[in-house]
Amino acid sequence: MSHWEEAQRKTQDMLEGLCFSAGLGTPWDSPRRTKAMIFLLCASFDSTVRLWDVERGVCIHTLTRHQEPVYSVAFSPDGKHLASGSFDKCVHIWNTQTGALVHSYRGTGGIFEVCWNAAGDRVGASASDGSVSFPLCLIRLIQ
């Protein structure tokens with residue numbers, strides 16, 4: 001079984017029933033990292049986003065700025081940031097290493113899906129009112 005498959009199995013076992021939406025990734029580069037570290041983003045109906053270290057089975061960050069259930073999470077292409085979207089109409093951009101909130105955007109409807117463009121400088125969101133947008137140009141915010 002590959003490292004990735006093992007991580008997926010561990011993740012499913014560890015988080016059974018805890019997450020609404022999740023995504024696996026390898027967030028940031030670290031000079032101390034000797035093998036691929038796999039992290040999990042977990043969106044939850046308790047209005048939180050959690051970043052988990054799958055290998056160790058521990059929660060690294062619990063992000064708590066949303067006021068309604070979080071429906072979608074996504075790592076940026078370089079893994080240094082994550083986006084979260086909630087029914088509170090907000091898209092939040094977070095630093096994956098520190099857990100700090102980098103920027104927020106308030107839309108016109110509850111957010112059901114967030115995604116990054118390939119360059120990692122824009123975040124798209126689809127909302128309950130039918131709007132779809134790439135609301136955040138992050139070039140200046142995350143440099």
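The following legends describe an overview and several close-up views of a predicted model.

Residues are numbered from 1 along each chain as its sequence is written. Because the model is predicted, local features require pLDDT of at least 70 and side-chain atom pairs count only at pLDDT 80 or more, whereas totals for chains, interfaces and linings use all residues; side-chain values rest on heavy atoms, with hydrogens and water left out.

**View 1. Overall organisation of the protein chain.** The secondary structure comprises one helix and 11 strands (DSSP runs numbered from the N terminus: helices H or I of at least four residues, strands E of at least two). In sequence order the pattern is α-β-β-β-β-β-β-β-β-β-β-β. Of the 143 residues, 42% are buried (under 20% relative accessible area; exposed is over 50%, partly exposed in between; 1.4 Å probe, protein chains only). The exposed surface of the chain is about 7500 Å², of which carbon and sulfur atoms supply 50% (Shrake-Rupley method, 1.4 Å probe; for residues, only the protein chains shown count as cover). Of the contacts between residues at least 6 apart in sequence, 35% join residues at least 24 apart (contact: heavy atoms within 4.5 Å).

**View 2. The annotated repeat at residues 39-62.** An unreviewed UniProt entry lists residues 39-62 and 63-104 under "repeat: WD"; positions follow the numbering used here, feature names are shortened, and annotations may be inferred rather than shown by experiment. Residues 39-62 are 0% helix and 62% strand, and their end C-alpha atoms lie 13 Å apart.

**View 3. The hairpin of strand 5 and strand 6.** Strand 5 (residues 70-75) runs antiparallel to strand 6 (residues 81-86), to which five bridges join it (strands pair if DSSP finds at least two bridges between them). Five residues lie between the two strands, and G79 adopts a positive phi near 75°. Strand 5 is largely enclosed by the rest of the structure, because five of its six residues are buried.

**View 4. The surroundings of S72.** S72 belongs to strand 5 and stands opposite G85 in strand 6. With a relative accessibility of 1%, S72 is buried. A polar atom of the S72 side chain lies 3.0 Å from the backbone nitrogen of V114.

**View 5. Cysteine residues.** The structure contains zero disulfides (cysteine sulfur atoms within 2.5 Å). For C59, the closest cysteine sulfur belongs to C42, and the 8.5 Å separation is too far for a bond. C59 is partly exposed, at 31% relative accessible area, whereas C90 is buried, at 13%.

Note on methods:
A polar contact is a pair of N or O atoms within 3.5 Å; within protein, one must be able to donate a hydrogen and the other to accept it, and residues adjacent in sequence count only if both atoms are side-chain atoms.
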